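Work through the exercises below in order. Try each task before reading its solution.

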There are 2 protein chains.
Amino acid sequence: MSQNPDPNSPPAEAQDTKDRLIEAGMAVFAERGFADAGLREICAQAGANPAAVNYHFGDKQRFYTEVLATCHQRAASHRPVPRIADDPDRPDVVLGRFVRWFLELLLVSSENDYLGRLMAREMVSPSPSLLEMVRRSLLPIKAVLEEILRALLPPDVDDQTLGLCFASTISQCLFYKHNQPVFQAMERIRATGREDERLQAEFPDRNDLDELAEHITRFALAGLRAAGYETDHR
Amino acid sequence: MSQNPDPNSPPAEAQDTKDRLIEAGMAVFAERGFADAGLREICAQAGANPAAVNYHFGDKQRFYTEVLATCHQRAASHRPVPRIADDPDRPDVVLGRFVRWFLELLLVSSENDYLGRLMAREMVSPSPSLLEMVRRSLLPIKAVLEEILRALLPPDVDDQTLGLCFASTISQCLFYKHNQPVFQAMERIRATGREDERLQAEFPDRNDLDELAEHITRFALAGLRAAGYETDHR
DNA sequence: GACCGATTCAAACAGATGTTTCAATCGAGC
DNA sequence: GCTCGATTGAAACATCTGTTTGAATCGGTC
């Protein structure tokens, strides 16, 4: 259990394999989810022995926890969240930035940033780490978006309406991540018969993302006005 | 492989176990998903032997396919879909009915109707049967909703805008199904410290569902106006 | 150069899964 | 009443999983 007691003498290669395991773990866990990801596949991708996981982390669960923690630390520095304080007079613009930011977090693959994909996985098929992930990543995001929404809603909105508006906004973004298998299936159906063209056009290219973010923002802004108006005159 | 050649002499008990297996399969598959559902658990719940699955259906995959098929047939008769033809002059009212219907399909447990829950499972963690489920259940639902949306959008909307509006509407409903684990986690966090009260209030009671449907409908109607307006003047 | 702790590796382990086997059982028809 | 095909059941099977074992290896220290 206890590592090298002398912090000045790192075994060099030891830290290496640990890091390689975490790196490979992020990739495979993000793609397959906690349950479906096999330690043997991760270890193969890391060039390590299956026993290394248990040696360095104890067991699969604690290994996964450490992967999530690393991912969280790393993502905090990448792509900072757009906040209402960035542009206090234009909450509508900030909402647009937030939507764009969140879509990118979920949909755009980056070699270094797996947090969005791991979050999405954890949301729909939870592991024992869900609770900590909610506390650490999801709730802060929720707080930021609700701050933006408050600026767009009447000043006296009740918490329930705020929560509903939060759901209506964030759900539109999550939709495109959670239902990727369905999109692919629909594409395959639509392409039945005509074998030509690209069968599967790597879903969100830059243009798609821009249009998506623009539509969601416009849709949400109108919805928010309606929700806030109704609340005022209830 | 070949069953009893004489259709007038059902082996009585044989059809029984087959039906019991399908019944138990619907319940367990809906709760655990295709991969996580164990045949032994299903068979125990059906009072049958694990070998019965392979005898009657061939293998787990074909068994699951048959469960989905039965579920589809059965659901077609239950809760019919609200259509634009029901009330052609009030597409806004029809949209409200559709939202309510879809939320109920996803969230309200019924002993006889597992289609919504199986659909939701299949969408986020697909099995080889996803393609057929999309073709059979999802695309028809999509067609019905798009028919309603067309009546609420300018008559000359392009397909892309229609698709985006479909996503923005349906995603709000799916959100509450797909993220149930997250809600429970948030509830547990919010209840930390104070042990009192019901820890987990069986999420969608009748009132919640009504409020939910009302909010989503209002939010979507406003969003649709905004999306349609923008399309007109692009 | 011999020791020693930390680390790696191949192999085996225990448990669960879907599937198969084959004998026992049931039910109708001659 | 017996026979034969359809059905059931207990057990074994093959394969996969995470995990453990114990010997081999490496790197630095006295």
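**Exercise 1.** What rotation, and what shift along its axis, superposes chain A on chain B?

*Solution.* Begin with the ground rules. This is a predicted model, in which local features need pLDDT of at least 70 and side-chain atom pairs count only at pLDDT 80 or more, while totals for chains, interfaces and linings use all residues. Residues are numbered from 1 along each chain as its sequence is written, chains are lettered from A and ligands numbered from 1 in the order in which they are written, and side-chain values use heavy atoms, with hydrogens and water left out.

Step 1. Two copies of a chain are related by a rotation about an axis and a shift along it.

Step 2. For chain A and chain B the rotation is 180° and the shift is 0.0 Å, with an RMSD of 0.1 Å. The fit is by least squares on the C-alpha atoms of residues with pLDDT of at least 70 in both copies.

Step 3. The two copies are therefore related as by a two-fold rotation axis.

Step 4. Both copies use the same surface: 100% of the contact residues of chain A recur in chain B.

**Exercise 2.** Describe the interface of chain A and chain B.

*Solution.* Step 1. Count the residues in contact (heavy atoms within 4.5 Å): 43 of chain A meet 43 of chain B.

Step 2. Take the buried area, which is the accessible area (1.4 Å probe) that two parts lose on being put together, summed over both. The value is about 3800 Å², with 73% on carbon and sulfur atoms. Of the area that chain A buries, 16% comes from A:Ile189, A:Arg218 and A:Phe219, more than from any other three residues.

Step 3. Look for salt bridges (a side-chain nitrogen of Lys or Arg within 4 Å of a carboxyl oxygen of Asp or Glu). The rule finds zero across this interface.

Step 4. Count residue pairs in polar contact (N or O atoms within 3.5 Å; within protein, one able to donate a hydrogen and the other to accept it, and residues adjacent in sequence counting only if both atoms are side-chain atoms). There are eight such pairs, both residues being at pLDDT 80 or more.

**Exercise 3.** Which residues are closest to DNA strand D?

*Solution.* Step 1. Find the residues near the strand (a heavy atom within 4 Å). There are 17, and the closest are A:Arg40, A:Lys60, B:Thr17, B:Tyr55 and B:His56.

Step 2. Inspect the bases. A side-chain N or O atom of A:Arg40 is 2.8 Å from a base nitrogen of the strand, and one of B:Asn49 is 3.2 Å from a base nitrogen.

Step 3. Inspect the phosphates. A polar side-chain atom of B:His56 is 2.7 Å from a phosphate oxygen of DNA strand D.

Step 4. Divide the strand's atoms within 4 Å of the protein: 55% belong to sugar or phosphate, and the rest to bases.
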